[in-house]
Amino acid sequence: MAKKYNKSKPSSRPRENAAAVIQQLIIKAPRRRTYDVGDWRAALQAADNGRIKQLFDLYDDILIDGVLSDAMQKRIDAVTNSELTFQSASGEEVDAVAQIMDTPAWETLLSEVMKVRFYGRSGVELNYSGATLSVEPIPAKHIDLTHRSILINDSDDSGIPFEGDDRLLILGRERDFGLLLKVAPYAIYKRGGFGDWSQWIELFGMPQRVGKYNTFDPASRKLLEEAFEKAGSAPYVVIPKEAEVETKESNSGSGTSYDEFRKANNEEMLITILGQTMTTVQGDKGARSLGEVHKEVEEGKNMSDLRFVQRVLNQRVLPWLEARGVPVAGGKFIFPKAVEQLSVADIVQLSGVMDIPQSYL
């Protein structure tokens, strides 16, 4: 079933003179603490009941993970790096629109539209004054889709209504919490796994020194301890000569199980965000044909993102620009389709009817 995003029609009258919504918000830092999977489930239950702050604070915390944040950025970059164009009703480019698109604000707009994929909601406040576009992102945890409002404090029950305000571009649907909901457990497991791995290395990764002292000479024990403390940070144990110390190795052996656990969590996050893994990390087999299949899967997701962003721009942003006098009537934004590579047989066939430069080959 296709997702239905908010498509409230913009007002016919620009409202740039009204107080900016973003200036009224009280932006607070996310709550930073050690999360476990129980916190994730509790945050999800709270979000199901309309209290989203806890879940989105957890999102901000897990995005410290480099693999997860990079995977998200890859999908966003696929949109911002595409050659988006605007064509008028006659199929020509419009200089005024081209100037708007060649600004950091426009790239911010595209990035924020894409974030609805990961958070389940996103929003910006638009302003166009003096032929200059400004785009102010609205934090996701301030967007209340249940009551159709923007929360002043992220823990408020009500806020500023966004329907009817043509400056606000709000996307998302109620009870959709994005792809980050699915990857959060793996990011939490991975972080905990690194902690266990670090502890294992501290205990067993360095050579252990054993000092034995005579039970009838307690002073030698103290001398041994002082010598070990001054001899470096490697772990040591001081025992009587008559005692025995035995260390039983677990199945982790040299710690490979921790590394496998890390890789498994990374794979689950990459599959959830990108649909595959081999365009980010090297596979065990590393076959080129397998890598090409993974690349096709990622490109399929990128095409879906491009179509989504294109529809948002044409249905929501175009009417807003037209209301401010930008000559966009009858035109539309277009992402060019990917060019298919010609096979050797195609090139041979074409060479019989046209000259193909050697530089192309």
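In this predicted model, 70% of the contacts between residues at least 6 apart in sequence join residues at least 24 apart. The protein contains 11 helices and 10 strands, and 38% of its 361 residues count as buried. About 21,400 Å² of the protein is exposed, and carbon and sulfur atoms supply 50% of that area.

A good place to start a tour is the interior. The largest nonpolar core has 65 residues, and W106, L109 and F333 touch the most other members. Helix α10, spanning residues 288-322, gives this core its largest share, nine residues. Another core lies apart from it; this one has 10 residues, including V21, I138, F162 and L168. Returning to L109, its contacts beyond four places away in sequence are V124, L126, V135, L169, L313 and V317.

Helix α10 also holds N302. Is N302 buried or exposed? With a relative accessible area of 13%, N302 is buried, because the cut-off for a buried residue is under 20%. Leaving aside residues up to four places away in sequence, N302 touches R75 and A78.

Next come the sheets. Strands of a sheet pair through backbone hydrogen bonds, in either a parallel or an antiparallel way. One open sheet here has three strands in the order β3-β2-β7, with antiparallel pairing. Why is one side of β3 and of β7 left without a neighbour in the sheet? Strands β3 (132-138) and β7 (168-172) stand at the edges and each has a single partner strand, so one side of each stays free of a neighbour in the sheet. From one strand to the next, the twist averages 20°. Strand β2, residues 121-129, pairs with β3 in the antiparallel sense over seven bridges, and N127 stands opposite S134 in β3. Helix α5 (residues 104-114) lies across β2, β3 and β7, and runs at about 30° to β3.

A further open sheet is also built from three strands, this time in the order β4-β5-β6, and its pairing is antiparallel. Its edge strands are β4 (143-144) and β6 (160-161), each of which pairs on one side only. How many bridges join β5 and β6? Strand β5, at residues 149-150, pairs with β6 in the antiparallel sense over two bridges. The bridge partner of I150 is I160 in β6.

Conventions:
Residues are numbered from 1 along each chain as its sequence is written. This is a predicted model: local features need pLDDT of at least 70, side-chain atom pairs count only at pLDDT 80 or more; totals for chains, interfaces and linings use all residues. Side-chain values use heavy atoms; hydrogens and water are left out. Two strands pair if DSSP finds at least two bridges between them. Helices (H or I, at least four residues) and strands (E, at least two) are DSSP runs, numbered from the N terminus. Buried means under 20% relative accessible area, exposed over 50%, partly exposed in between (1.4 Å probe, protein chains only). Contact means heavy atoms within 4.5 Å. Accessible areas come from the Shrake-Rupley method with a 1.4 Å probe; for residues, only the protein chains shown count as cover. A nonpolar core is a set of buried Ala, Val, Leu, Ile, Met, Phe, Trp, Tyr and Cys residues joined through side-chain atoms within 4.5 Å. Axes are lines fitted to C-alpha atoms, for helices over the stretch in contact, and angles run from 0 to 180 degrees between N-to-C directions.
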